Amino acid sequence: MNGPRTQRSLRREGRMEFDTLIRDGTIVTAVDTYASDVGITNGRIAAIAERLPPESARQVVSAQGAFVMPGGVDVHTHLDMPFGGTTSSDDFETGTVAAAFGGTTTLIDFAIQYKGQTLRTAFDTWMKKAEGRAAIDYAFHCIITDLPDSRLEEMDALVRDGVSSFKLFMAYPGVFMLDDASIFRAFSQAAKSGALVCMHAENGGAIDVIVKRALAEGKTAPKYHALTRPTTAEAEAVSRAIALAEMAGAPVYIVHLSCNDALERVREARDRGLPVYAETCPQYLYLSIENFDAPGFEGAKFVFTPPLREKWHQEKLWAGLARDQLQVVSTDHCPFCYKEQKELGRDDFTKIPNGGPGIEHRLSLVFAGGVGGGRFSVNRFVELVSTTPAKLFGLFPRKGTVAVGSDADLVIFDPNGEETISAKTHHMRVDYSMFEGIRVKGLPRQVLVGGKLTIDNGRFVGRPGQGQFLRRRTYSGV
Ligand SMILES: [Zn+2]
């Protein structure tokens, strides 16, 4: 290391160029794989070259034997979110620290508009939850639950403030669900402003009837959460969402797609050339309805929506990722502790808070199953977990790539690092892991957020509050 005096003299001579230099790594982007060093100044990538002189930097990080990839972008998380009389157990501090451990350096969470509220109130409320706490950069989608004509212009106002995507629900009648007319109005407004609408696609009306029948028959165990939400209810809603978007001339992004039936509808639409996109989540790639065989009430750990499906869907989803029928893997991280939170539904599965913890293990699970499993390339991996989510949600090229001028959000990813996922060692504030006992090969070794070393070989060396709010451009790049 250079002493401060040497640094000053080097700077005078114009040779002291970088705050941090990442050496001897292999850069991986969505399109390229090549050996190069990366020089970082003022939080941004300042140089990429085969060889940068180590004496030109204050701090040198070795990436020997590892990939240097853009930080993960998780566009679907629920931190500090009220649901069913309780609140998701990670806040913006614990959740973003856990995300950083897993190589995610940007997240997009959801600001919820409750009935009668302005969209601005939702945004302000969630900004306060995150302020001064996040260890990684963050942005918001706005969930709309109440959309009279008088609120349509509020959508455009939020877009101007950097909230350039909205989430609508076709499920949870009486709570979040919007009718088709409101959904169509929202798509039409988004078509004008260039915003992107994210859709929770399940036929909530039909599901509610099936749920009531099950309860009347005394079927109250956790597995009935899955058995009362058929794949057809998801596929129907995906079709309807695509049709409403097509009529309005708007793009649509289907969140947490869980099954082959729904995937078929997305594939058909994309084959017709429509701007239809969809994400899936690691839980649908690794878990199945068989997880409800867990003893006692433990199936509650796997209660989230859409539910887990039969095992054969997993391979269809992996193939969908490989063939670009699915474009993104996000987590839908929405943790509730097993004790006292999931237990609220001991006698009635409809009272189990819906959600599971996943923010920490997305990169390792997708790399291990996708690249390690021989299903797609390391470049496709980067595209799925970083580049495409950054592009769709107005963050590229600041996020989602390794390029001069981009934020120095970087993961030094060791393809040979191994770990067994467990609640005993994870960093999320939740008392169980959905992926308990699963062994993954491929782990983040170091993580930089805005050029600052934040994770160093299993230690958090960053600072809560170092994350910035990101004003996003629109889907259409405005
Ligand atoms: Zn969600």
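This passage walks through a zinc site, the cavities and two buried residues of a predicted model. Residues are numbered from 1 along each chain as its sequence is written, and side-chain values use heavy atoms, with hydrogens and water left out. Because the model is predicted, local features need pLDDT of at least 70 and side-chain atom pairs count only at pLDDT 80 or more, while totals for chains, interfaces and linings use all residues.

A good place to start is the metal. The zinc ion has His76 (NE2), His78 (NE2) and Asp332 (OD) as its protein donors, at 2.0 to 2.2 Å. Donors here are N, O and S atoms within 2.8 Å of the metal (3.2 Å for Na, K and Ca); water is not among the atoms, so sites may look incomplete. Along the chain, the spacing of these donors reads H-x1-H-x253-D. His76 and His78 are both buried, a word that stands for under 20% relative accessible area, with exposed over 50% and partly exposed in between (1.4 Å probe, protein chains only).

Next come the cavities. A cavity is a set of points on a 1 Å grid over the protein atoms alone where a 1.4 Å probe fits but cannot get out, and lining residues have an atom within 4 Å of a point. Grid points are joined across faces, edges and corners, and a volume is the space filled by probe spheres set on the points. The whole structure holds 3 cavities of 30 Å³ or more, and the largest has a volume of about 180 Å³. It is lined by 18 residues, of which His78, Phe83, Tyr172, Asp332 and Asn354 are the closest to its centre. Two of these names, His78 and Asp332, are already familiar as zinc donors.

The second largest cavity has a volume of about 50 Å³. Its lining includes Pro70, Gly71, Val73 and Gly400, and these residues are also touched by Ser386 (contact means heavy atoms within 4.5 Å), not counting residues up to four places away in sequence.

Ser386 itself is found in helix H13, residues 378-392; helices (H or I, at least four residues) are DSSP runs, numbered from the N terminus. Ser386 counts as buried because its relative accessibility is 0%. A polar atom of the Ser386 side chain lies 2.9 Å from the backbone oxygen of Gly71.

Finally, Met155 lies in helix H4, residues 152-160, and counts as buried because its relative accessibility is 1%. Leaving aside residues up to four places away in sequence, Met155 touches Leu119, Ile144, Leu147, Phe166, Ala186 and Gln189.

Definitions and conventions. Helix = DSSP H or I, 4+ residues; strand = E, 2+ residues; numbered from the N terminus. Polar contact = N/O pair within 3.5 Å; in protein donor to acceptor, adjacent residues only side chain to side chain. 1 Å grid on protein atoms, 1.4 Å probe; cavity = no way out; pocket = protein on both sides within 12 Å on 5 of 7 lines; lining within 4 Å.
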